[in-house]
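Work through the exercises below with the sequence and the model open side by side. Each task is followed by a solution in steps.

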Amino acid sequence: MAGGVEMGAQADGRVHAGGAGLAPWWPRAVLALAALAVCGVLAGAYLRGGSLDEYATVYFADPHVPWRTAWDHLWPGETNPPFFYIVARFWELVSGPGLFARRLVNLLPLGFVLAWFGCAARRYPAQRGFLLGLALFACSGKFLLLDFTQYRDYFSQYCAELVFLGAATLAYVARARRVDWFQLAALPVLVMFHQVTALYTAVLLAAVLLAEWRRGAYLRAVSLVCVAGAAAVPLLWFTWLQQHQAHSVLGEVSWITARGPLNAVYTILSHLMPAIGENYAAVLVAGAVLLRPGMRARALPVAWLRLVAGATVAATGVILVINHFAPLIVDRYFSFFAVEVMVLLALLLVPVFAARPRLALLVGANAAVYVVYSVLTVPLDQGWRPDAALVARLAGQCQGTRIHAGMRPDVPPERIGLAEVAAREHLALLPPGPDAPGRCPVIYWSEYGVPDAALIARDGGDVARAADAAAGFGLDAGELAHARGILGKTGVIVVVRP
């Protein structure tokens, strides 16, 4: 193996993406880190507080809303397709209410991706090194450590991306021709759950189909086309029913910060590092592999590396073009970008790990630090709970204090979230509306209609007046004269005293 790191190539042209020569402790270390990450996210899902987006999922996935009402009236008001909400509705019928119980819907994609890793390791024993490398990055990034703890669809997309691209990579390097049923099962999630993910999927699918066709894996290519086409039918049907879906997706994004091209590229790349566990050691070693020929594997699947990298750049380029007309740069939208980078890193680094165990230790230690940090800090995010505790303390100063929660006009996800955190503090909430204090003060509380710094400055630093304007509390001049505004941890509270 003079002059380079050998990945191992068989006479039939198959490439071994590492595995042979890895230190004996490496598989055990990766599995231990993955186990720690899974235990940590389960604890995080139980301990952390909720967010407006999670309460929006509760609203859109409410199983008590008739299906016809949801399809015709509820879901068309949402910019994203409703297919995760369909899954979540069925899950809540089994799990029951409660944010933690609902978050456990993420056990379904977690079980799916773990089953794929296990089956792939048995099906491709020569590629277990690649699978271990992919598992290392997959379990040490924010899309597992944070997104599992949230009642949203992004973790499902992440797991489907891992399976789809991981299976495509294994089939290419092992020259496999059999259909991968896990890969086919992942494809509908990628097509139907989110528009940005669907765009990345379309570009990568085109590249994968080209590779499959050129190497004669016709059954794999045809099966992928059939499943993707079938998954597109309900999406197109819903888009047609929604009528102005395209306008909604591209137009109703005022909450996303507008960014120029260079700022957008910088932001995407800065989002990438948490997605791969801030693993700067891996990035530096990968850079050395690319820049120093002596560290490269002679059997490296260069064509596949170029194909995945090219698809990543092409899809991201399309997103940047769309972003020029309507803001689209949000960190959670780029999980596919992160997974593509994870696959590239695993292909590049695992052969190096076999020859240089100290580099494997360095990259693994970097991953472990991020996992431990995330496991300890993610549960600290208590969402709206600190504000609910503050409202409880304020109301406890005078028995009979009335609490009006929410903004006007009514925002259902905020109402659902306020009711959830208020129940923890045994608070009785009234709907938003004007109210005159009697013996006790009146409290107004909103987690959505929070004034920004510019609005507060415009009102001369008067938080109460700015909050009334932002949340529509409807306070008159006399009430504002006796009002004190408090910016909570996530929301705003106005106390009107007698």
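**Exercise 1.** The model is predicted. Decide whether Pro-451 is buried or exposed, and find which residues it is in contact with beyond its neighbours within four places in sequence.

Solution.
- Step 1. The relative accessible area of Pro-451 is 6%. Buried means under 20%, so Pro-451 is buried.
- Step 2. Locate the residue: Pro-451 sits in the loop between β2 and α21 (453–458).
- Step 3. With neighbours within four places in sequence left aside, the contacts of Pro-451 are Ile-456, Ala-466, Ala-467, Ala-470 and Val-492.
- Step 4. Take one of these, Ala-470: it is 19 residues from Pro-451 in sequence, and the two C-alpha atoms are 5.5 Å apart in space.

**Exercise 2.** Check the span of helix α6 (residues 107–123), then work out how its buried residues are placed around the axis.

Solution.
- Step 1. Helix α6 has 17 residues, which at 1.5 Å a residue should span 24 Å. The C-alpha atoms at its ends are 24 Å apart, in agreement with that value.
- Step 2. List the buried residues of α6: Pro-109, Leu-110, Val-113, Trp-116, Phe-117 and Ala-120.
- Step 3. These residues cover an arc of only 125° around the axis, so they lie on the same side of α6.
- Step 4. The spacing in such a list follows from helix geometry: with 3.6 residues a turn, residues three or four places apart in an α-helix point the same way.
- Step 5. The cover over the buried residues of α6 includes α1 (25–47), α7 (128–139), α9 (154–174) and α10 (181–192).

**Exercise 3.** Find how many residues of α7 are buried, and check its span.

Solution.
- Step 1. From first C-alpha to last, the 12 residues of α7 reach 16 Å, close to the 16 Å expected at 1.5 Å a residue.
- Step 2. Of the 12 residues, 11 are buried, so α7 is largely enclosed by the rest of the structure.
- Step 3. Among the buried residues of α7 are Gly-129, Phe-130, Leu-131, Leu-132, Phe-137 and Cys-139.

**Exercise 4.** Trace the salt bridges made by Glu-54, and say which residues are joined into one network.

Solution.
- Step 1. The count for the model is 11 salt bridges.
- Step 2. Glu-54 pairs with Arg-48 at 3.6 Å, N to O. Arg-48 and Glu-54 are both buried.
- Step 3. Glu-54 also pairs with Arg-103, at 2.8 Å, N to O. Arg-103 belongs to helix α5 (residues 99–103) and Glu-54 to helix α2 (residues 52–60), so this pair ties together parts 49 residues apart in sequence.
- Step 4. Arg-103, like Glu-54, is buried.
- Step 5. Through shared partners, salt bridges join Arg-48, Glu-54, Arg-103 and Asp-381 into one network.

**Exercise 5.** Describe the salt bridge between Arg-402 and Asp-435, including the accessibility of each partner.

Solution.
- Step 1. The side chains meet at 2.6 Å, N to O.
- Step 2. Arg-402 is in strand β1 (residues 402–405), while Asp-435 is in the loop between α20 (412–424) and β2 (442–446); the pair links distant parts of the chain, 33 residues apart.
- Step 3. Arg-402 has 32% relative accessibility and counts as partly exposed, whereas Asp-435, at 17%, counts as buried.

**Exercise 6.** Identify the helix that gives the largest share of the nonpolar surface patch.

Solution.
- Step 1. The patch consists of Trp-67, Phe-90, Leu-93 and Val-94, with about 470 Å² of accessible area together.
- Step 2. Helix α4 (residues 83–95) gives the largest share, 3 residues.
- Step 3. Val-94 is found in α4 and is exposed, at 70% relative accessible area.

Methods
Residues are numbered from 1 along each chain as its sequence is written. This is a predicted model: local features need pLDDT of at least 70, side-chain atom pairs count only at pLDDT 80 or more; totals for chains, interfaces and linings use all residues. Side-chain values use heavy atoms; hydrogens and water are left out. Helices (H or I, at least four residues) and strands (E, at least two) are DSSP runs, numbered from the N terminus. The expected span of a helix is 1.5 Å times one less than its number of residues. Buried means under 20% relative accessible area, exposed over 50%, partly exposed in between (1.4 Å probe, protein chains only). The arc is that of the directions from the helix axis to the C-beta atoms. Contact means heavy atoms within 4.5 Å. Patches are made of residues with over 30% relative accessible area and no salt bridge: like charges are joined within 9 Å, nonpolar side chains (Val, Leu, Ile, Met, Phe, Trp, Tyr) within 5 Å. Accessible areas come from the Shrake-Rupley method with a 1.4 Å probe; for residues, only the protein chains shown count as cover. A salt bridge is a side-chain nitrogen of Lys or Arg within 4 Å of a carboxyl oxygen of Asp or Glu.
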